[in-house]
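Here are a few exercises to work through with the model open on your screen. Try each task before you read its solution.

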Amino acid sequence: MPNRDTLFAAPINKLGDWTFDEQVAEVFPDMIQRSVPGYSNIISMIGMLTERFAQPNSTIYDLGCSLGAATLSIRRNIKVDSCRIIAIDNSPAMVERCRRHIESFRAATPVDVIEADIRDIDIQNASMVVLNFTLQFLEPDDRQRLLSKIYRGLLPGGILVLSEKFNFEDQKIGELLFDMHHDFKRANGYSELEISQKRSMLENVMRTDSVETHKTRLRQAGFKHSETWFQCFNFGSLIALKDGEME
C-alpha cells in the first residue's frame, strides 16, 4: 500500500510555494490517485499509445517523469527492437525513487533516468514524447519553446502526449468542473483544510491553460493534428501527431 498523503491535514503556519520535495515524493502515488481524476486511465492509455507509435531504433522521452509511472507503462508496451527511454525530472527526491522503481522491474528496453531541467534537454530521434502534468509547472513563456523543440526532435509519424489540468474560457463551465474536482477530492478523503492549503501552495507554481491555448501552441510548434483524447472534469490529455510515415 502506498503511504497515505496527510501532508496538509494539520494547519500550516506559513504556506510557501509547492515543491516536489522528499515529503511529497514519499506520498506521491496516494496523492496523485486521490487528486487527479482519471490518472490511472491516462497511464494505461500511454502504454497503449506506445504499442502503436514506438518506432524501432528510436528514443521515447518522459519529461517530468516523477516516480516513473508513465515510464513503466511505456516500457511494458514496447514491441519493437532497439528502443530506449529517457526519463527526466528536476526533483532529486523523485529521481532517486524513480530509479529504484525502474530497477525493480526487469525488461529489455534500457531506461536512462536523468536529474535535469527538461528545458535544457535535447530531444532527438524521438518516436514519442510524454508530458504528463508537467507543462503546467513551467513559466508560460517557456512552454512554446519546449513544444517547438519537441516537434523538431520527433521523427515523422511521432506522437506527443500532453496531459494537463485545464482552465476554461466559459466561466460557468469552469466553475462547475472546478467544484466537481473538489467533490472528487472530498470523496477521496481530503478535508476542506487539506484542499485549501494545497491549493494555496500550488497557486504560484502551477498556472493552467485552456484546451484552446494548448492547441494554438501545438499548431505554432508545427503540429497539424491535435485533439483532446481524454478528459475528466478539469483534467485531461491531448495527443499531437507529426506528419509523415512511421519507419
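**Exercise 1.** Does Asn125 count as buried, partly exposed or exposed, and at what relative accessibility?

Solution. This is a predicted model, so keep that in mind throughout. Start with the place: Asn125 sits in the loop between β3 and β4. Next, take its relative accessibility, which is 36%. Partly exposed covers the range between 20% and 50%, so Asn125 counts as partly exposed. Now check the backbone: phi of Asn125 is near 55°, a positive value in a residue other than glycine. Most residues other than glycine have a negative phi.

**Exercise 2.** Find Ser82 and work out which accessibility class it belongs to.

Solution. Look in the loop between α3 (69–76) and β2 (84–89). The relative accessible area of Ser82 is 52%. The cut-off for exposed is over 50%, so Ser82 is exposed. Its phi is positive too, near 60°.

**Exercise 3.** Put the strands of the sheet in order and say which ones stand at the edges.

Solution. Walk across the open sheet and you pass seven strands, in the order β3-β2-β1-β4-β5-β7-β6, with mixed pairing. The edges are β3 (111–115) and β6 (225–232). Each has a single partner strand, so one side of each is left without a neighbour in the sheet. As for the twist, neighbouring strands are turned by 15° against each other on average, direction ignored.

**Exercise 4.** Describe the surroundings of strand β5 (residues 154–165).

Solution. Take one side, then the other.

- Six bridges link β5 to β4 (residues 126–132), and these two strands run parallel. Met128 has Ile159 as its bridge partner.
- Seven bridges link β5 to β7 (residues 235–241), this time antiparallel. Here Ile159 stands opposite Leu241.
- Between β4 and β5 comes helix α5 (residues 140–153), and the three make a right-handed β-α-β unit.

Now for burial: 11 of the 12 residues of β5 are buried, so the strand is largely enclosed by the rest of the structure.

One more step takes you on to the edge strand: β7 also pairs with β6, antiparallel and over seven bridges. In that pair, Gln231 has Gly236 as its bridge partner.

**Exercise 5.** How far apart are Arg52 and Ile159, in sequence and in space?

Solution. Arg52 lies in helix α2 (residues 39–53). Along the chain, Arg52 and Ile159 are 107 residues apart, yet their C-alpha atoms are 9.9 Å apart in space. At 62% relative accessibility, Arg52 counts as exposed.

**Exercise 6.** Classify two helix pairs by their packing angles, α6 with α7 and α5 with α8.

Solution. Begin with α6 (residues 171–187) and α7 (residues 192–202): their angle is about 125°, and their axes are 10 Å apart. That makes α6 oblique to α7. The crossing is right-handed.

Go on to α5 and α8 (residues 211–221), which pack at about 45° with their axes 8 Å apart. These two are therefore oblique to each other, and their crossing is right-handed.

**Exercise 7.** Which residues does UniProt list for "domain: Methyltransferase"?

Solution. The unreviewed UniProt entry gives residues 60–158. Compare that with the model: the span is 34% helix and 27% strand, and its end C-alpha atoms lie 10 Å apart.

Conventions: Residues numbered from 1 in each chain as written. Predicted model: local features only at pLDDT ≥ 70, side-chain atom pairs only at ≥ 80, totals over all residues. Heavy atoms only, no water. Buried < 20%, exposed > 50% of the residue type's maximum accessible area, 1.4 Å probe, protein only. Helix = DSSP H or I, 4+ residues; strand = E, 2+ residues; numbered from the N terminus. Pairing = 2+ DSSP bridges. Right-handed = clockwise from strand over helix to strand, strands pointing away. UniProt positions renumbered as here; feature names shortened; annotations may be inferred. Axes fitted to C-alpha atoms, helices over the stretch in contact; angles between N-to-C directions. Parallel < 35°, antiparallel > 145°, perpendicular 65-115°, else oblique. Left-handed = near helix turned anticlockwise from the far one by under 90°.
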